[in-house]
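Let's take a walk through this model together, from its open spaces to its strands and a few single residues. Keep the sequence and the 3D view side by side as you read.

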Amino acid sequence: LERLILLGNRISGFSQGIFDRCTELYELQLSRNAIEAEFPSLAACKQLGSIFLGQNKIRGELPDDFFLPFASTLIFFDIADNQVGGAIPTSVVKGGKQFKSFSATNNNFTGEIPEVHEHLKKLELSGNQLSGPLPKLPKGLKKLMLANNEKLRGATDAIGELHVETIEEIDVSGTGLDALPQKVKDLSGKPVSGEPKKKVKK
């Protein structure tokens with residue numbers, strides 16, 4: 001089995017060890033179901049390139065070594081709109097050059113944002129309970145969504161280090177972070193705070 005795509009069904013849970021024999025699984029898409037269960041073990045799925053489990057009711061925590069089994073193959077990771085909590089695994093930094101997108105919007109993650117892989121292009125963490133200062137960010141990051149993490153605090157120097165010519169969207173509204181660097185506010189051709197259809201806002 002290389003691809004398991006069951007979007008928008010009424011799947012309600014995971015059987016024990018359901019993925020233990022899926023050693024060739026590359027694409028897992030179970031978004032928009034009704035899954036109410038702990039996050040499953042994917043340790044046997046060492047070829048995973050895409051994990052899409054958004055818009056369910058998955059709970060529990062991700063182990064710190066969660067990303068290690070498929071660090072050299074994972075491209076997309078999406079668990080937005082669930083109930084996953086605890087700390088974001090530090091193994092997220094271990095991804096390979098192909099790792100492009102980490103989306104965990106509207107969950108229950110706590111603690112500080114760990115340093116993420118230097119090749120990541122999209123980091124979406126809005127609507128969690130994250131705290132502390134920003135980590136070093138990949139300079140080629142295109143999309144950074146951190147809105148409504150009220151306990152995020154401190155300088156936004158890391159955002160100022162991004163390559164402004166590649167930025168597509170930044171949202172740090174509803175946080176305790178300092179003001180965005182002026183060079184980010186002045187992005188040519190991109191609306192800033194206070195303008196309609198804004199893409200960069202604080």
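What volume does the largest pocket have? The answer is about 190 Å³. Please bear in mind that this is a predicted model, so every value here is computed from predicted coordinates.

To find the pocket, look at two stretches of the sequence. Its lining includes Phe 14, Ser 15, Gln 16, Gly 17, Ile 18, Phe 19 and Asp 20, and also Ala 37, Glu 38, Phe 39, Pro 40 and Ser 41. Sorted by class, the lining of this largest pocket has six nonpolar residues, four polar ones and two charged ones.

A useful landmark here is Ala 43, which belongs to the loop between strand E2 (27-29) and strand E3 (50-52). Ala 43 has a relative accessible area of 41%, so this residue counts as partly exposed. From the C-alpha of Ala 43 to that of Gln 16 the distance is 13 Å, with their positions 27 residues apart in sequence. Gln 16, in turn, is one of the residues that line the largest pocket.

Now let's turn to enclosed space. How many cavities of 30 Å³ or more does a search of the whole structure find? The search finds one, and the volume of this largest cavity is about 40 Å³. Around it you can pick out Phe 67, Ala 71, Leu 74, Ser 91, Val 92, Lys 94, Gly 95 and Phe 99. Five of these lining residues are nonpolar, two are polar and one is charged.

Gly 96 is a good residue to visit next. You will find Gly 96 in the loop between E6 and E7. Is Gly 96 buried or exposed? Its relative accessibility is 17%, and because buried means under 20%, Gly 96 counts as buried. Setting aside residues up to four places away in sequence, Gly 96 touches Ala 71 and His 117. Ala 71 also appears in the lining of the largest cavity.

From Gly 96 we can step across to the sheet. Gly 96 and Gly 111 are 15 residues apart in sequence, while their C-alpha atoms are 24 Å apart in space. Gly 111 stands opposite Leu 130 in E10, which brings us to the strands.

In what order do the six strands of the open sheet run? The order is E4-E6-E8-E10-E12-E14, and the pairing is parallel. At the edges are strand E4 (59-61) and strand E14 (176-177), each of which pairs on one side only. As background, strands of a sheet pair through backbone hydrogen bonds, either parallel or antiparallel.

We can follow the pairings one by one. Strand E6 (residues 83-87) runs parallel to strand E8 (residues 108-111), and three bridges link the two. Within this pair, Gly 86 has Phe 109 of E8 as its bridge partner. E8 then pairs in the parallel sense with strand E10 (residues 129-132) over two bridges. Moving on, E10 and E12 are parallel and joined by two bridges, and here Ser 131 stands opposite Lys 151 in E12. Lastly, strand E12 (residues 151-154) runs parallel to E14, again with two bridges; Arg 153 has Gly 176 in E14 as its bridge partner.

The loops that lead into two of these strands share a backbone feature worth a look. Asp 81 sits in the loop between strand E5 (76-78) and E6, and its phi is near 60°, a positive value in a residue other than glycine. With 32% relative accessibility, Asp 81 counts as partly exposed. Asn 148 lies in the loop between strand E11 (143-145) and E12, and phi of Asn 148 is also near 60°, again positive in a residue other than glycine.

Our final stop is Ser 103, in strand E7 (residues 101-103). Ser 103 has a relative accessible area of 5%, so this residue is buried. Which residues is Ser 103 in contact with, leaving aside its neighbours within four places in sequence? They are Phe 77, Asp 78, Ile 79, Ala 80 and Glu 124. Of these, Phe 77 and Asp 78 fall within strand E5 (76-78).

Conventions
Residues are numbered from 1 along each chain as its sequence is written. This is a predicted model: local features need pLDDT of at least 70, side-chain atom pairs count only at pLDDT 80 or more; totals for chains, interfaces and linings use all residues. Side-chain values use heavy atoms; hydrogens and water are left out. Two strands pair if DSSP finds at least two bridges between them. Helices (H or I, at least four residues) and strands (E, at least two) are DSSP runs, numbered from the N terminus. On a 1 Å grid over the protein atoms alone, a cavity is a set of points where a 1.4 Å probe fits but cannot get out, and a pocket is an open set with protein on both sides within 12 Å along at least five of seven lines; lining residues have an atom within 4 Å of a point. Grid points are joined across faces, edges and corners, and a volume is the space filled by probe spheres set on the points. Ala, Val, Leu, Ile, Met, Phe, Trp, Tyr, Cys and Pro count as nonpolar, Asp, Glu, Lys and Arg as charged, and the others, Gly among them, as polar. Buried means under 20% relative accessible area, exposed over 50%, partly exposed in between (1.4 Å probe, protein chains only). Contact means heavy atoms within 4.5 Å.
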